[in-house]
Structure formats: C-alpha cells, structure tokens
Amino acid sequence: MAEANEQLERLAYEYQLLQAQAQLLAQNLELLTMGRNEFQTVKETLEGLKKVEDEKPEILVPIGAGSFLKGIIVDRENAIVSVGAGYAVEKSLDDAIAYLEERVKEYDEAIAKTQEGLRKLETQLNELAKKAQALQDKSEPGVGR
C-alpha cells in the first residue's frame, strides 16, 4: 500500500513536470506563430507595393499608440529589412521578399517541431494518467471491478 502511494506520488510529480514543459512549449508556439505572421505580413506588404502604379505612393507611418503620420514612399525599388540582433540591411524588393519568404519557412519549420514536441508530451501525459489510474485501481480493492 505504501509502495503504491509512493509510486502515485512519483507519477504525479512527473506529470506536473511534463505539464510545465507542455505549457512552455505552448507559449513558445504562440510566440513563433506571432513572429511568423509578422514576417508574412511584411512580405505581403512588399509584394503589394510592387503592384502599386503610383510613382510616389502615399502611406501611413505608424508612430505608436495607434497614431500615424502621412508619408510618401520615395524609393519603391528597395526596402530596409531587419536581419536580427538589431541590424537591418537595404535590399531590393525582390531580394527582401525572398529573404522574408525564407524566414517564414524557418518559422514554419520551428512551429512544426514545436507542435510535434507538444504531441509527444501529450502522449506521455496520457500514458502517465493511465498508469496512475491503474495503480489507484489496484490499491483500492473493489473499486472499478
């Protein structure tokens, strides 16, 4: 009886650890999805800019707190894109779009790996729950029979 309780406590502890890992992966998945969506939006914006016929199209420039200034795009051939670690480089629109497309693919791969990790953790959690239930059924005679 004491051994069964000890095993149940161990399983409960392991279950809590796996739940915490799953929660971290879920948060990571959310951040990855947000990052991917941001890169996708920038890519789509640059693709849209290529279709604009105005020589100097007017845009709204966000300045924070939901406020904007009107602006004019003076260089429709190039974009300045972030390459990480606080650095940005000027690229042609086509190169910028290709770069952003690659970043979206990298995010998609990271999202897929994270989702797979979550699925594995969920399987482990289900197995632990079944083990705990089996132990509980054994330690409580007459229950579940």
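Is Tyr 107 buried or exposed? Tyr 107 is buried, with a relative accessible area of 18%, and the cut-off for buried is under 20%. Keep in mind as you look around that this is a predicted model. Below we visit an aromatic pair, a hairpin, two alanines with a positive phi, and the largest pocket.

**The aromatic pair**

- The count of aromatic pairs comes to one.
- Its partners are Phe 39 and Tyr 107, whose rings sit 5.5 Å apart, centre to centre.
- The angle between the ring planes is 35°, and the pair is classed as tilted.
- Phe 39 belongs to helix H1 and Tyr 107 to helix H2 (residues 93–139), so this pair ties together parts that are 68 residues apart in sequence.
- Like Tyr 107, which has a relative accessible area of 18%, Phe 39 is buried, with a value of 17%.

**The hairpin of S1 and S2**

- Strand S1 covers residues 58–64, and among these seven residues the count of buried ones is zero.
- S1 runs antiparallel to strand S2 (residues 67–72), and six bridges join the two.
- To find one of these links in the model, start at Val 61 and look for Leu 69, its bridge partner in S2.
- Two residues lie between the strands of this hairpin.
- As a general point to remember while you trace a strand, side chains in a regular strand alternate between the two faces of the sheet.

**Two alanines with a positive phi**

- Most residues other than glycine have a negative phi.
- Ala 65 has a positive phi, near 55°, although it is a residue other than glycine.
- You will find Ala 65 in the loop between S1 and S2, where it is exposed, with a relative accessible area of 84%.
- Ala 85 also has a positive phi, of about 50°, and is not a glycine either.
- Ala 85 sits in the loop between S3 and strand S4 (87–92), and it is exposed too, with a relative accessible area of 75%.

**The largest pocket**

- The largest pocket holds about 330 Å³ of space.
- Its lining is made of 15 residues, and those closest to the centre are Thr 45, Leu 46, Leu 49, Ile 59 and Ile 73.
- Helix H1 (2–51), S1 and strand S3 (78–84) are the elements that each give two or more residues to this lining.
- H1 supplies the largest share, with five residues.
- Sorted by type, the lining has 10 nonpolar residues, three polar ones and two charged ones.

How values were computed: Residues are numbered from 1 along each chain as its sequence is written. This is a predicted model: local features need pLDDT of at least 70, side-chain atom pairs count only at pLDDT 80 or more; totals for chains, interfaces and linings use all residues. Side-chain values use heavy atoms; hydrogens and water are left out. Buried means under 20% relative accessible area, exposed over 50%, partly exposed in between (1.4 Å probe, protein chains only). Helices (H or I, at least four residues) and strands (E, at least two) are DSSP runs, numbered from the N terminus. Two strands pair if DSSP finds at least two bridges between them. On a 1 Å grid over the protein atoms alone, a cavity is a set of points where a 1.4 Å probe fits but cannot get out, and a pocket is an open set with protein on both sides within 12 Å along at least five of seven lines; lining residues have an atom within 4 Å of a point. Grid points are joined across faces, edges and corners, and a volume is the space filled by probe spheres set on the points. Ala, Val, Leu, Ile, Met, Phe, Trp, Tyr, Cys and Pro count as nonpolar, Asp, Glu, Lys and Arg as charged, and the others, Gly among them, as polar. Rings of Phe, Tyr and Trp (its six-membered ring) pair if their centres lie within 6.5 Å; planes under 30 degrees apart count as stacked, over 60 as edge-to-face and the rest as tilted.
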